[in-house]
Amino acid sequence: MTAPVVRTTCPYCGVGCGVLVRRKADGAYDVAGDPEHPANKGRLCSKGSALAETLSLDSRMLHPMIADRLVSWTQAINHVADRFKSTIAEHGADAVAFYVSGQLLTEDYYVANKLMKGFIGSANIDTNSRLCMASSVAGHKRAFGADTVPGNYDDLELADLVVLVGSNLAWCHPVLFQRIVAAQQARGTQIVVIDPRRTATAETADLHLALAPGSDVALFNGLLRHLDAAGAIDPAYVTAYTSGLDAALDAARADDPATVERRTGIEASKLLAFYELFTKHQRVVTVYSQGVNQSTAGTDKVNAIINCHLATGRIGKPGMGPFSITGQPNAMGGREVGGLANMLAAHMDLNRPDHARIVQRFWKAPTIATRPGYKAVDLFRAVGEGRIKALWIMATNPVDSLPEADSVSRALQACPFVVVSDVERHTDTTAYADVLLPSLAWGEKDGTVTNSERSISRQRAFMPVPGQAMPDWWQMAEVAKRMGFAKGFGFKQPAEIFAEHAALSATDNAGTRDFDIGAHAGITAARYDTLTPFQWPQPDGHAVGTARMFSDGRYFTADQRARFVPTVWREAASAISDAYPLVLNTGRIRDQWHTMTRTSKTARLMGHIAEPFVEMNPADAARAHVQATEIAVVRSAHGSILVRVQTTERQRLGSVFVPIHWTDQLSSSARVDVLVTGNTDPLSGQPELKFTPVTVEPFQAAWYGFAIGVRPPNRVGLEYWALAKARSGFRLECAGRTQQSDWAEFARRVLGIEAAADMLAYRDATTGQHRFAVFENECLIAALYVANRPAVVSRGWLADQLGQRFPGPHDRMRLLAGRAGDGVPDKGAIVCSCFDIGATQIATAVTGGGCVDVAGIGAALGAGTNCGSCRSEIGRIVEHTRRATVE
Ligand SMILES: Nc1nc2c(c(=O)[nH]1)N[C@H]1C(S)=C(S)[C@@H](COP(=O)(O)OP(=O)(O)OC[C@H]3O[C@@H](n4cnc5c(=O)[nH]c(N)nc54)[C@H](O)[C@@H]3O)O[C@H]1N2
Ligand SMILES: Nc1nc2c(c(=O)[nH]1)N[C@H]1C(S)=C(S)[C@@H](COP(=O)(O)OP(=O)(O)OC[C@H]3O[C@@H](n4cnc5c(=O)[nH]c(N)nc54)[C@H](O)[C@@H]3O)O[C@H]1N2
Ligand code: SF4
Ligand SMILES: [Mo]
């Protein structure tokens, strides 16, 4: 008998891939792409493919806790409800707040929003989506009168030109990227990438514009002006369906070509090449994400892009449109339930009395919030200033992900009452909780999510409930009941919540609001169980959802016309200076998800990049007196971090890049948001996460070390460290400013071993080398390599030796040498995580195996043939190796 297959949705990015999960005979799970899901048609990326490896319960939070004491759910719920009630009684409803997440399911989010806005009566509920797509929401509302994503994924395949602005799609939305690359190969779709860095995405582009950070408005104003001059504006469309073109053109004309060239730092010929491509192709999709949104000019950047699509009438038709790609699996669902401090439920407006009446009446709520609450950055400032006295954080890790992050931890420290619902016991945020509530994780919980193309899909449970973990919606409904709101929160299962949410969306709607899923109002549990993906809107009576919005040229503004918005380029809020001469850009790497609470559990995903780094141009590195592979201090006006230096020409002069992922759980001091400014976009409240003035300085290490261990090495007292999971244990990078007097003693402390242990040692005073390997029953259990310079050992190979037998002196010597012997290939850093193929193997297949391209590497090694996330990196290695061989 074969085990049943559960159809669910990937919990990571906003592509929203369908996943098939099967329980194997050994109890482990097998994860595969769902061929029937419209988003991915069977594909998965490296993170999706590794989902089965992240399901362990090792570090999970499994019991409610008050002040580190295990308590029952009743005690925990009573305590939370009582504290919220007494705080409200004493200080008013605006003295409490929820800070939630685009990783909640729609049902969780709906309950949170209902409780805060309709029953507590405050709009102090904001979400990490404020850091993610608030500028797109604000831009959509300005242009369309509603927060509507016009197109869909098929448009990316139907387009003749795909413009990617501030999006590293190859790493952040890999399955969508693969769909575009397939179209590029099959039908010659042109790809333009607009990003200050030459990213993996840019490597595959036909044209890459490495613009000066923050200059997008000037670039798109220049495009609008060019479209006008070239006669490419569609007067029929503009006259029939829009208003405000003249004012937008006037604003754009302020940026003459020379000004655009100066502001963007892009030479005129390249700018013209892009403008001409855009002019020539009718079928253009402009995809944008955080390089656009996370800026003090974020909303203007969004509208500068939309202006160009409206002017050419390229919206609402196959293969064309502006396309805001969402990051989190349910960023869209959160918008639909109104989970932001300036929205009401079901895409209704907080400041419209008619909308407030609809929602309040539908909820039979005692009150309704009519004033916007605090947006994320201000919310934590209000916590810090004592204006918010009780805070519930759910499915997000603000101590790591909010700007000026050290002031966030200080605010939490000072806050009288902090509740954290999470799935992990130890995060940088759970450390500040008065009450910890264990939530069900992916694979254990049921509900819906909405992806970037408005497609609503089910997440389904396939695992048993661990410990006492409970769904997030249940936790809030119980607290609501205990606060005296039993009537509004009697939900017994997520289907009931979804049914109510769908009914609200259709209430007094009749086509006046974009979000209407009335076809699913009152859905039964049985139908909810079998729900297949559909695109909203799907009003009552419609058999299927809506693939494309605005096809009829009607928008959701009062006069049903789309609005052009005049946009004016302005500088980032903080300028570089002599003290802070470099611009810090932050973002993602391919195989990690945010604060790594789940993706760090698998050695396969840690094998790609195992350590936090700062990527900089070699000339900037030389000026800062730091070298590749050394540790550097990156400092801003707000704080400093320690990270490894990487130098590359792909990084623009004057800009440096640091990934967002590392936390205090896995590194000594690499939380990048400690550095980042809390300046926000005046309209959207989204912080400027991609532009912080910083300086880079040498760390002045006296020694560098690399350790492995079957148990995590001890980090106490280490100045610099970064920990990562390896296949049979852990690996640790470390460094310090002062030499140790007794390295053997140091090794025993870091490796956590007894004095009597079987420890082999090697010392070379000239290079400051100290090497130790520790055995138990002839098996390697730990090792440490220290030197004056960054330790040159084969890290992947060494980590793979943990637990292996080393009976003889010859093998043991090889271990101390830190390298595989002759004839045993060293993989190098893992590039293809699906097949575990490293950079050295790829280079060897070029030099010794005659491979000349990505396809050849795929045929020879398998690398790049499964999820495809690594194909652009393979291409880069092949090209580099071939060039090196020719020279
Ligand atoms: N592997 C992985 N994938 C993810 C995530 C993850 O954590 N890991 N997170 C998901 C989430 S929540 C999100 S929001 C998305 C984000 O997806 P993306 O937006 O694609 O990712 P980022 O790396 O944040 O930033 C994108 C690019 O913006 C560029 N950029 C910086 N400043 C500017 C500028 O002024 N103008 C322009 N045009 N570009 C600029 C950066 O160099 C960077 O390459 O990814 C989602 N997917
Ligand atoms: N400098 C800089 N900062 C950034 C960004 C950037 O580009 N640059 N990007 C921003 C963006 S776009 C985003 S989206 C944020 C992301 O930042 P966060 O939201 O802070 O990051 P995550 O690691 O996804 O946090 C999710 C938390 O929820 C927990 N969790 C997982 N599943 C569940 C569940 O079902 N229920 C509950 N209750 N908890 C769960 C996880 O263990 C984890 O602790 O970071 C933002 N911060
Ligand atoms: S692209 Fe990858 S991370 Fe995103 S939903 Fe699909 S499998 Fe998950
Ligand atoms: Mo995000």
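Helices, here H or I runs of at least four residues, are DSSP runs numbered from the N terminus. In the predicted model described here, helix H21 spans residues 472-482 and is followed by Gly484, which has a positive phi near 105°. Eight of the 11 residues of H21 are buried, so this helix is largely enclosed by the rest of the structure. The buried positions are Asp472, Trp473, Trp474, Gln475, Met476, Ala477, Val479 and Ala480. Their cover includes three helices, H2 (73-91), H3 (106-120) and H22 (494-506), together with the strands S14, S15 (417-422) and S16 (435-438).

The three strands that help to cover H21, namely S14, S15 and S16, also belong to an open sheet. This sheet consists of seven strands in the order S5-S4-S16-S15-S14-S6-S7, and its pairing is mixed. Its edges are formed by S5 (69-70) and S7 (125-127); each has a single partner strand, so one side of each is left without a neighbour in the sheet. Within the sheet, S6 (residues 96-100) and S14 (residues 390-394) run parallel and are joined by four bridges. In this pair, Val96 lies opposite Ala390 of S14.

A second group of paired strands is centred on S18. Strand S18 (residues 455-459) is mostly covered, with five of its five residues buried. In a regular strand, side chains alternate between the two faces of the sheet. In S18, Ser455, Ser457 and Gln459 point one way, whereas Ile456 and Arg458 point the other way, and all are buried. Strand S17 (residues 447-450) pairs with S18 in the antiparallel sense over four bridges, and Thr450 stands opposite Ile456. Four residues separate the strands of this S17-S18 hairpin, in which Arg454 adopts a positive phi near 65°. S18 also pairs in the antiparallel sense with strand S19 (residues 534-535), over two bridges. The bridge partner of Ile456 in S19 is Phe534. Ile456 thus stands opposite Thr450 and is also bridged to Phe534.

Strand S26 (residues 692-698) likewise pairs with two strands, S21 and S23. Five of the seven residues of S26 are buried, so the strand is largely enclosed by the rest of the structure. S21 (residues 582-587) runs antiparallel to S26 and is joined to it by three bridges, with Leu582 opposite Val694. S23 (residues 631-635) is also antiparallel to S26, and four bridges join the two strands. In that pairing, Arg635 has Thr695 of S26 as its bridge partner.

Ligand 1 is surrounded by 35 residues, of which Asp195, Gly214, Ser289, Arg588 and Gln592 come nearest. Polar groups of the ligand face both side-chain and backbone atoms of the protein. A nitrogen atom of ligand 1 lies 3.1 Å from an N or O atom in the side chain of Lys47. On the backbone, a polar atom of Asn168 is 2.8 Å from an oxygen atom of ligand 1, and an N or O atom of Gln290 is 2.8 Å from an oxygen atom of the ligand. Taken alone, ligand 1 exposes 910 Å², of which the protein buries 99%.

Lys47, whose side chain approaches ligand 1, is also one of the residues surrounding ligand 3. The shell around ligand 3 comprises Cys10, Tyr12, Cys13, Val15, Gly16, Cys17, Leu44, Cys45, Lys47, Gly48, Pro174 and Val175. By class, the shell contains nine nonpolar residues, two polar residues and one charged residue. Two helices, H1 (46-49) and H7 (174-187), each contribute at least two residues to this shell.

A further buried site is found in helix H9 (residues 216-229), which contains Asn221. Asn221 has a relative accessibility of 2% and therefore counts as buried, the cut-off being under 20%. The side chain of Asn221 is joined to that of Asp255 by a polar contact of 3.1 Å. Not counting residues up to four places away in sequence, Asn221 touches Ala251, Ala252, Asp255, Thr567, Val568 and Trp569.

Terms used
Residues are numbered from 1 along each chain as its sequence is written. Chains are lettered from A and ligands numbered from 1 in the order in which they are written. This is a predicted model: local features need pLDDT of at least 70, side-chain atom pairs count only at pLDDT 80 or more; totals for chains, interfaces and linings use all residues. Side-chain values use heavy atoms; hydrogens and water are left out. A residue is near a molecule or strand if one of its heavy atoms lies within 4 Å of it. Ala, Val, Leu, Ile, Met, Phe, Trp, Tyr, Cys and Pro count as nonpolar, Asp, Glu, Lys and Arg as charged, and the others, Gly among them, as polar. Buried means under 20% relative accessible area, exposed over 50%, partly exposed in between (1.4 Å probe, protein chains only). A polar contact is a pair of N or O atoms within 3.5 Å; within protein, one must be able to donate a hydrogen and the other to accept it, and residues adjacent in sequence count only if both atoms are side-chain atoms. Contact means heavy atoms within 4.5 Å. Two strands pair if DSSP finds at least two bridges between them. Accessible areas come from the Shrake-Rupley method with a 1.4 Å probe; for residues, only the protein chains shown count as cover.
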